[in-house]
Amino acid sequence: MASVGKIARRTFLIGTAAIAGGLAVGAYAYRRPPDNPLAARADDGEAVFNPYLTIAPDETITIFVPRAEMGQGVSTTLAALVAEELDVSLESVVVEHGPASEAYANIAMLEDGLPFPTYDESTIATIARSGVGIAGKFLALHVTGGSSSTVDAFEKMRQGGATAREALKQAAATRWGVQPADLETNAGSVRNPSTGETLSYGTLAAEAAEAPVSRDIPLRGPEDWKLLGKSQPRTDMRAKVIGAPIFGVDVAQPDMLHATVRINPHFGGGVLALDTEAARQIRGVHSIIEIDHRLGRGFAVIADNTWRAFMAADAVAVEWEKPNSTLDDAAVSELLAAAVGAGSRDVMRDDGDTDIVFADHARDRIVEAEYHVPYLAHAAMEPMNATARFADGKLDLWLPNQAPNLIQAVAAAALDIPTADCTVNTTSLGGGFGRRVEPDVAVYAALIARETGGRPVKVIWTREEDIAHDYYRPAATGRLRAALGADGLPEALDIVVAAPPIFSPMASRFYPSISLPGPDKSIVDGAFNQPYAIANYRVAGVKADIGVPVGIWRSVGNSINGFFHECFMDELAASSGMDPLEYRLKLMASYPVATALLEKVADMSDWRSQPAEGRARGLAFTLSFGTWVAEVVEISRDDRGIRVENVWCAADPGTVLDPGIFEAQMMSGIVFGLSAALGQEITLSEGRVQQSNFHDFDALRIDRCPAIHVEILQNAPRMGGAGEPSTPPVAAALGNAIFALTGERLRRMPFTHDVTFV
């Protein structure tokens, strides 16, 4: 872990164009395989084959999934990668989260962070992608995010299963005095076809783990897959149905205390005065401590159960510092307006000469618009929580999280202990959406555990604390203009987006000494990298420093720019008197993956027919996380308001490993995006958040959820992700449907400012 701490501080370059050019690493160090984090399990008699697989003498096959299971099905799909090559069924294996380790570095996530569109196969893009693999090994970021899990694992974990299979065959061949190539495997056994003899994997495991095998074993092609490419039963389904204790809130340790926190709700503020007298009179209160950390300042109440900790925290009289009391929604709007008009911009796409086209263009053929989105919270269903035990100089953490080795480093630093003395145990996540990458909950738990005399303590936040202390999806303003030609198509498109940067402040939360250089790709993601053939096409981002903590929210910048870009495309089509589908087909004619998707979603939604009376449809397209997605939203209107009736989604991730899980992810992302469009926003007053719980920051409820129809295509040349790509287009498709129905163009989210939804 020392490499994580030392190297990442120098070279943490996610989202910057410098990542490929900043490499200066030694070939020896690059080629050195990371330590196997499962090595210690051999002490219990298990044979350890690689970071993904152990086999015990009692035939227990355990597959270690390096990405966090937060409902997206990754524990099923990634386990299937190993099981496919190992010739075992998913029902016959045990699936666990992999421990925090550099062996589980997520290279694919870093590749997607490069400033190159998915469809860019140029030499420089190819070199950069290759280079980021080297950087990724040194950064060793064990992170779940960026819809990258299957992409990153696709070859690694299949190779893990294949090498184990060949090692087991080698061990059997040695026993029988035959060649491994003459043997076959099936259902957890090696068989000699010439004699009919069989040996189980458990019988051979100890010898096989020591057997020399090639690292370059050919992997099976799709034509030979038994598990991949087909829908599989979820490996975590039974545990969830029977309520098994698999989430962070379920953690129980002997002699455990319980705690909750209250952090100053005014951004950046501390504690001016604290009166704990009344709280200490509540039965079961163990102690009340102040928290003073760079991530937040407040206090914690430790008690014998969570409810008493909540009651005591409410009884504490506290005077908060209010360092930024003038920050409110009006101030945010003014800051974004000033930023989007500023001269200093990071240009991420600059095709042709946009300025010349606009300078010479007829004024009545120029279309301009300004779009806005608010801050958004994650509001994961499972409350923020962590359990910690600090004893004998060592810290143990149990928590639902998306970045175990980053959290390990920050939590250890909070107690001033070596990183190696902190162990992070990842539980299942009751929702993540990017929130559980952040280290604050683990840091507070560690600080509290330092005060309990070695007793473990489970810290649970109230929903109000969660909403008040999220790392929010940034608010943003986009200013867009287009110069239309005689054919109605844009001769030039100019987009400027202003938003708070995500990656620089996020990096500083893990490593305070880091200052990321260069542009922040998240500000223009979903706008600069879309497959529209427009000769003069400029997209620029402006960093707007507002002082509200921001972070990764499902689909990140694509959630903002999918709305901006695709509603504006609809405006251009309307200005030209053209059908939105035909308009996009013309502009993306050079990208057959995109046009095939558009035609598919048109067929699914019967786009070219006239909607029924009182109904209308809207269309949008966004390429994000390597997956191409087109969606149509159909709405209806009656005396009560507008209802979202149907969403048709056509998605192309290139290769689909589990159609059922992929479809579920598309549906989930659509519901997530509709939740934001229909009513979610975080507003500010006196430097703090005004919302507090689901009554004023609600998600889409089942009675308002539309019918969702998903079709999957597999034409894209590169594999894409599943968790996030369906979120960006849906708000735009809804906005475009509202325009088609009402003639009113909505340029500000949530749409509930202008529309009543039923």
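What follows is a walk through four parts of a predicted model: a strand and its partners, a helix, a helix pair, and a further helix.

Local features are described where pLDDT is at least 70, side-chain atom pairs count only at pLDDT 80 or more, and totals for chains, interfaces and linings use all residues. Residues are numbered from 1 along each chain as its sequence is written, and side-chain values use heavy atoms, with hydrogens and water left out.

Strand β8 spans residues 257-263, and 7 of its 7 residues are buried. Buried means under 20% relative accessible area, exposed means over 50%, and partly exposed lies in between, with a 1.4 Å probe and protein chains only. Helices (H or I, at least four residues) and strands (E, at least two) are DSSP runs, numbered from the N terminus. In a regular strand the side chains alternate between the two faces of the sheet. In β8, Leu-257, Ala-259, Val-261 and Ile-263 point one way, while His-258, Thr-260 and Arg-262 point the other way. Two strands pair if DSSP finds at least two bridges between them. β8 runs parallel to β18 (residues 457-460), joined by 3 bridges, and Ala-259 has Val-459 of β18 as its bridge partner. With β11 (residues 296-303), β8 runs antiparallel and shares 6 bridges; here His-258 stands opposite Ala-303.

Helix α13 covers residues 404-414, and 10 of its 11 residues are buried. Among them are Pro-404, Asn-405, Gln-408 and Ala-414. Just after α13, Asp-416 has a positive phi of about 55°.

Further along the chain, the axes of α17 (residues 557-575) and α18 (residues 580-587) come within 9 Å and cross at roughly 105°. Axes are lines fitted to C-alpha atoms, for helices over the stretch in contact, and angles run from 0 to 180 degrees between N-to-C directions. α17 is therefore roughly perpendicular to α18, a term for angles of 65 to 115 degrees. α17 contributes Glu-566, Met-569, Asp-570, Leu-572 and Ala-573 to the contact, and α18 contributes Pro-580, Tyr-583, Arg-584 and Leu-587. Contact means heavy atoms within 4.5 Å.

Helix α19 (residues 592-605) has 14 residues and reaches 20 Å from its first C-alpha to its last, close to the 20 Å expected at 1.5 Å a residue. That expected span is 1.5 Å times one less than the number of residues. Its buried residues include Val-593, Leu-597, Val-601 and Met-604. What covers the buried residues of α19 includes α18 and the strands β22 (615-624), β23 (627-637), β24 (642-652) and β27 (707-712). Asp-606 follows α19 with a positive phi, near 55°.

Technical notes
Angles under 35 degrees count as roughly parallel, over 145 as roughly antiparallel, 65 to 115 as roughly perpendicular and the rest as oblique.
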